[in-house]
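Trainee: Could we take a close look at one part of this structure together? I'd like to go slowly, starting from a single contact and working outwards.

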Amino acid sequence: MSEQKIAFYTGPAGGWGALNSVKNALLRQDIPLKGARTLLSANQPDGFDCPGCAWPDRNHTSTFEFCENGVKAVAAEATARRAGPELFARHTVAELLQHSDFWLEDQGRLTHPMVYDAATDKYLPIAWDDAFALIARHLNALPDRDQAIFYTSGRASNEAAFLYQLFVREYGTNNFPDCSNMCHEPSGSAMKPQIGVGKGTVQLSDFELADAIFIFGQNPGTNHPRMLGELRQASRRGARIVSFNPLRERGLERFQDPQSKIEMATLGSTPISSHYFQLQGGGDLAAVKGMLKRLIERQDAGEDVLDRAFIAEHTVGFEALAADVRAEPWDAIVQEAGLTREQIHQAADIYIAAGRAIFCWGMGITQHQHSVATIQMMGNLLMARGNVGRPGAGFCPVRGHSNVQGDRTMGIWEKPPAALLDRLAEVFGFEPPRRHGLDTVEAIQAMLDGQGKVFFALGGNFAAATPDTYATWRGLRQCALTVHVATKLNRSHVVHGKEALILPCLGRTEIDMQATGPQGVTVEDSMSMVHISLGINPPASEHLLSEPAIVARLAAATLQGRSQTPWLWLVEDYARIRDKIEAVFDDFKDFNARVAQPGGFRLRNTASERVWETPTGKATFFPHAVPRDTPVHRARRSEKARGTIVFTLLTTRSHDQYNTTIYGMDDRYRGVFGQRRVVFIHAEDIRALGFKDGDWVDIHTVWDDGQARRADGFKLVAYDIPRGSLAAYYPETNPLVPLSATAIAAGTPTSKAIPVLLTPHAPAAAEPAAATTAAA
Ligand SMILES: Nc1nc2c(c(=O)[nH]1)N[C@H]1C(S)=C(S)[C@@H](COP(=O)(O)OP(=O)(O)OC[C@H]3O[C@@H](n4cnc5c(=O)[nH]c(N)nc54)[C@H](O)[C@@H]3O)O[C@H]1N2
Ligand SMILES: Nc1nc2c(c(=O)[nH]1)N[C@H]1C(S)=C(S)[C@@H](COP(=O)(O)OP(=O)(O)OC[C@H]3O[C@@H](n4cnc5c(=O)[nH]c(N)nc54)[C@H](O)[C@@H]3O)O[C@H]1N2
Ligand SMILES: [Mo]
């Protein structure tokens, strides 16, 4: 564990620091040379898909692409440490609950199915069949199928996800909350009505052709390090790279490519962003609308800066949009964006000068109340110059979990399209439920209302990843049964229902042996490439089952006599599952043959062919007003009289974590070492509050439901961030995110825009241990 310090980082992202960090990651997980072999197999044609992120690989056949955070993700799974029955025998659940998230995961891989024993407050081993029987008993006892909730995290393979959605629908509900609800849900909600597909339209090859790449609310140096390789190439050939981010992120500024011998030897590096706009948190809709306003003003002044042919042939709604944009006053735009009019002009002029442009975005865009409108405004700007469905241009939502996009393709969706349900009925001979199910926030509410009674999670860490931590915990604890399929111990296993199970599964790096031999699974990356993933390591324990096997055996136990699906036969050979996937989804024609090709295949993306599957058959421009009445605006108005400063808090990832999995206590590129309870703030704001850099504060949410929400003990760190905005790490800050703070038309928690105030730190009375990160 490194010593606690704040030391501003001046080097490039990547480089020797990344290599050094990799060495430490392997040492920490007690991985010797075996680990090195594991790493070399990541993203290889005969290896496994990296569980790190959903960024695609260069045709999947290139030499090993170095990625520091990919290595950490693989090492975390390939760890030599074990969390076996002895660990659970040593600790009551009450004791485990006192440990930090870091400590829980650090115990290593789960080895046995475990059941909660209320008499001793301990988890005890249980036989697999008994575990399935227990779940089946609970599920079959529910008077209403919609009282069961089935969560999915985005690591599940296509095969696991397909069987899972089939089982749950045969059981009788569409209650499929998933991590996507907290992540890129608004991207799909925005793009589907706009261009007819809910997925990005670009491929990696487009990055070689783009004249400008705009990056909104994304931190690739930490979360998608392989993307820096594409950006570096683009930068070297002279493409403009324009970042919109309240924080100055090192990976968006300079990158030293560990694959470049010259850069490594000479300590050289490549600048990434040619322009960096440090807008105010939540200011993107205004900024992009401002760029559009500049575009229309230049057009109105007689220049020809629109793609009029594209607009005429392929779109509807342009005139209404243009009128709305002309009517939006610059004052409102400038104030809300937190950028000057000149800066917005400059950004627009770069965009106009570029022949082809790609817009990338991440959580800095999606986790806002107006995220759907913001993404559609980005779409408006792209379409105004025909930047979709041609080489070097298009929409690029950068997804998180390695198979989050594939899980949705497979039908993990609480709002399934009728066509999918019709097909399932036809292929599997049952009547699927038609009622829409619950998303993540609605599922928590249902548990709190006593309507959600059985909670089953295929991966993830629901208790830590979701908003309003203590409310979520109350909901989970009210459940009759909670079940977690997992690789590692986490918070969700110790915040459990009256009965509870932990079911340990194989990870993607491991050999998946079934009746007909070792099996591969398939995944879909952020650019709709589907390919196979083959584990190479022996399983962490002989008691592990694969996720498809867990789902199939649970389905067989629960649906006895009611299902025509040959559950156990399907998992003997995953090619059989893929045949069923093909039977349900036309896009998966010849699935087994096509996925056997090196690098796999790309799913059809109609928008990238300029075919628009929208109600009008055209791509659609959507006008949206600059937000004036968000919770942050309202809190600022209501607190003004009292003279309190209301900040907008954005919650984000450190360099040493994977969502709720904390690998270590450093955030190298932001200069934070040995600690996580920090809050980044402008130096002038520290002064205005009467504090000093390094002082300790408590953070309080300003919300209108009369409920106090606070997170205690954060150290102020003066940082290059606009006045009025704060940043702190997730999941520690999730107690501050109200359950009712969600995105319009997507339901995503608005984790990047929480109105908060700061008070001097006062040690709290008895406080529950939520997402504690003491290095215990
Ligand atoms: N190593 C590692 N890799 C990961 C993950 C991980 O935790 N660790 N998580 C995976 C997952 S599930 C996901 S979804 C992705 C997440 O990857 P990202 O989308 O990069 O997610 P974040 O780190 O939450 O925040 C992104 C950026 O948004 C900026 N931001 C915050 N608010 C605003 C705003 O209002 N406007 C703008 N323009 N910017 C803003 C923040 O400063 C930050 O730089 O990464 C995936 N990959
Ligand atoms: N405040 C705030 N909240 C956020 C976010 C934010 O930016 N701010 N980001 C949101 C986003 S983008 C996301 S995607 C969610 C993430 O939410 P989740 O996906 O629920 O969380 P993770 O932390 O990725 O899940 C980690 C756990 O997954 C399990 N696991 C790992 N690999 C496997 C596997 O192969 N199989 C199975 N069955 N289990 C496995 C391990 O036990 C590990 O503890 O969090 C969201 N919450
Ligand atoms: Mo995510």
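Which ligand 1 atom does a polar side-chain atom of Asp284 lie close to, and how many Å apart are they?

Mentor: Before we dive in, remember that this is a predicted model, where local features need pLDDT of at least 70, side-chain atom pairs count only at pLDDT 80 or more, and totals for chains, interfaces and linings use all residues. Residues are numbered from 1 along each chain as its sequence is written, chains are lettered from A and ligands numbered from 1 in the order in which they are written, and side-chain values use heavy atoms, with hydrogens and water left out.

Now, your contact. The partner is a nitrogen atom of ligand 1, and a polar side-chain atom of Asp284 lies 2.7 Å from it. That's a polar contact, meaning a pair of N or O atoms within 3.5 Å (within protein, one must be able to donate a hydrogen and the other to accept it, and residues adjacent in sequence count only if both atoms are side-chain atoms). Asn245 makes another one: an N or O atom in its side chain is 2.8 Å from an oxygen atom of ligand 1. Thr222 uses its backbone instead, with an N or O atom there 3.1 Å from a nitrogen atom of the ligand. On its own, ligand 1 exposes 920 Å², and the protein buries 99% of that. Those accessible areas come from the Shrake-Rupley method with a 1.4 Å probe; for residues, only the protein chains shown count as cover.

Let's step back to the whole shell. Ligand 1 is surrounded by 31 residues, and the closest are Glu249, Gly282, Asp284, Gln657 and Asn659. To be near, a residue needs one of its heavy atoms within 4 Å of the molecule or strand in question. By class, the shell has nine nonpolar, 18 polar and four charged residues. Here Ala, Val, Leu, Ile, Met, Phe, Trp, Tyr, Cys and Pro count as nonpolar, Asp, Glu, Lys and Arg as charged, and the others, Gly among them, as polar. Domain 3 (185-398) and domain 4 (631-775) each give the shell at least three residues; the domain bounds come from an automatic or database domain assignment.

Next, have a look at ligand 2. It also has 31 residues around it, and Glu105, Tyr151, Ser153, Glu547 and Thr660 come nearest. A polar side-chain atom of Glu105 lies 2.4 Å from an oxygen atom of ligand 2. In the side chain of Thr651, an N or O atom is 2.9 Å from a nitrogen atom of ligand 2, while one in the side chain of Lys752 is 3.2 Å from an oxygen atom of ligand 2. Taken alone, ligand 2 exposes 930 Å², of which the protein buries 97%. Its shell divides into eleven nonpolar, 14 polar and six charged residues. At least three of the shell residues come from each of domain 2 (91-182 + 404-588) and domain 4 (631-775).

Back to domains 3 and 4, with a pocket this time. The second largest pocket has a volume of about 690 Å³, and its lining draws at least three residues from each of domain 3 (185-398) and domain 4 (631-775). A pocket is found on a 1 Å grid over the protein atoms alone: it's an open set of points where a 1.4 Å probe fits, with protein on both sides within 12 Å along at least five of seven lines, and lining residues have an atom within 4 Å of a point. Grid points are joined across faces, edges and corners, and the volume is the space filled by probe spheres set on the points. This pocket is lined by 35 residues, with Glu336, Thr630, Val632, His633 and Arg636 nearest its centre. Helix H31 provides the largest share of the lining, seven residues. Helices (H or I, at least four residues) and strands (E, at least two) are DSSP runs, numbered from the N terminus. By class, the lining has twelve nonpolar, 16 polar and seven charged residues.
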